[in-house]
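New to this one? Here's a quick tour of how some of its parts pack together.

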Amino acid sequence: VHALPAAFLKSRPPVEIPAWWRVILTDRALLGVTVTLFFSGVGAWRALVLHQAVGDALSRTYSAMSVLYSHQPHLAAIGFDWPPLPALAQLPLLRIAPGLAFFGLSGDLVSALCAGLVAVILLGLLRRLHIGRWGSLLLVVALFANPLMATHAANGMSEMPFLLFLVLGCDRFLAWAETGRWQQLAYAGVACAGAFLCRY
């Protein structure tokens, strides 16, 4: 068997990674997926194996269940005891799989997703502050190694959604300070409003 002609080899187009794969393979996306999956596993372990749940987190899950599965399902069934956003974020999960209400697992998954988004946004914010690649990654890992952060990243409470909107607001405010574009300041204001809808 003879080798392929050189002309054939030269005519082959180079193999390129699709654009959507380039987005997935960035370090920010990989960090966000890793943090989300890790704390989702921690939340599932607490709910399904240890049968542990925080009372306030269960209250938010109960509010979300009342919106979907009460005697008269309606949005006002969410009540006024807690800010609405953490319970509203559980609605899609509970609509698809009502069993996720078991020991507040849906709230744990929402907290884990918010933790992953915090990691992604915070890494970008640190890069915007001209901290090196490894330095910014080390700071984000150190943040989530804090036991208090690790606890709230998988317990279904409102701290992680609250922190998500705070970090997003800081990121957009810094973008406004750099570019002077009013849209970025508006995004920062919307993020602050989201933080108020998570915690009083």
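What follows covers one pair of helices and then the nonpolar cores. Keep in mind that this is a predicted model. Helix 3 packs with helix 8, and both of them also feed into the largest nonpolar core.

**Helix 3 and helix 8**

- Helix 3 covers residues 27–49 and helix 8 covers residues 133–145; their axes sit 12 Å apart, at an angle of about 15 degrees.
- Because that angle is under 35 degrees, helix 3 counts as roughly parallel to helix 8.
- The crossing of helix 3 past helix 8 is right-handed.
- On the helix 3 side, the residues that meet helix 8 are Asp27, Leu31, Val35 and Phe39. Their partners in helix 8 are Arg133, Leu137, Val140 and Phe144.
- Sort this contact by class and you get six nonpolar residues, two charged ones and no polar ones.

**The largest nonpolar core**

- This core has 21 residues, and Val35, Phe39, Ala115, Val140, Phe144 and Met160 are the ones with the most contacts inside it.
- Helix 3, helix 7 (105–128), helix 8 and helix 10 (159–179) chip in at least two residues each.
- Helix 7 gives the largest share, with 10 residues.

**A look at Phe39**

- What does phenylalanine 39 touch, leaving aside its neighbours within four places in sequence? Its contacts are Ala112, Ala115, Phe144, Ala150, Ala153 and Ala154.

**A second core**

- There's also a second, separate core of 10 residues, with Ala64, Ile78, Leu91 and Leu105 among them.

Definitions and conventions:
Residues are numbered from 1 along each chain as its sequence is written. This is a predicted model: local features need pLDDT of at least 70, side-chain atom pairs count only at pLDDT 80 or more; totals for chains, interfaces and linings use all residues. Side-chain values use heavy atoms; hydrogens and water are left out. Axes are lines fitted to C-alpha atoms, for helices over the stretch in contact, and angles run from 0 to 180 degrees between N-to-C directions. Helices (H or I, at least four residues) and strands (E, at least two) are DSSP runs, numbered from the N terminus. Angles under 35 degrees count as roughly parallel, over 145 as roughly antiparallel, 65 to 115 as roughly perpendicular and the rest as oblique. A crossing is left-handed if the near helix is turned anticlockwise from the far one by less than a right angle, and right-handed if clockwise. Contact means heavy atoms within 4.5 Å. Ala, Val, Leu, Ile, Met, Phe, Trp, Tyr, Cys and Pro count as nonpolar, Asp, Glu, Lys and Arg as charged, and the others, Gly among them, as polar. A nonpolar core is a set of buried Ala, Val, Leu, Ile, Met, Phe, Trp, Tyr and Cys residues joined through side-chain atoms within 4.5 Å. Buried means under 20% relative accessible area, exposed over 50%, partly exposed in between (1.4 Å probe, protein chains only).
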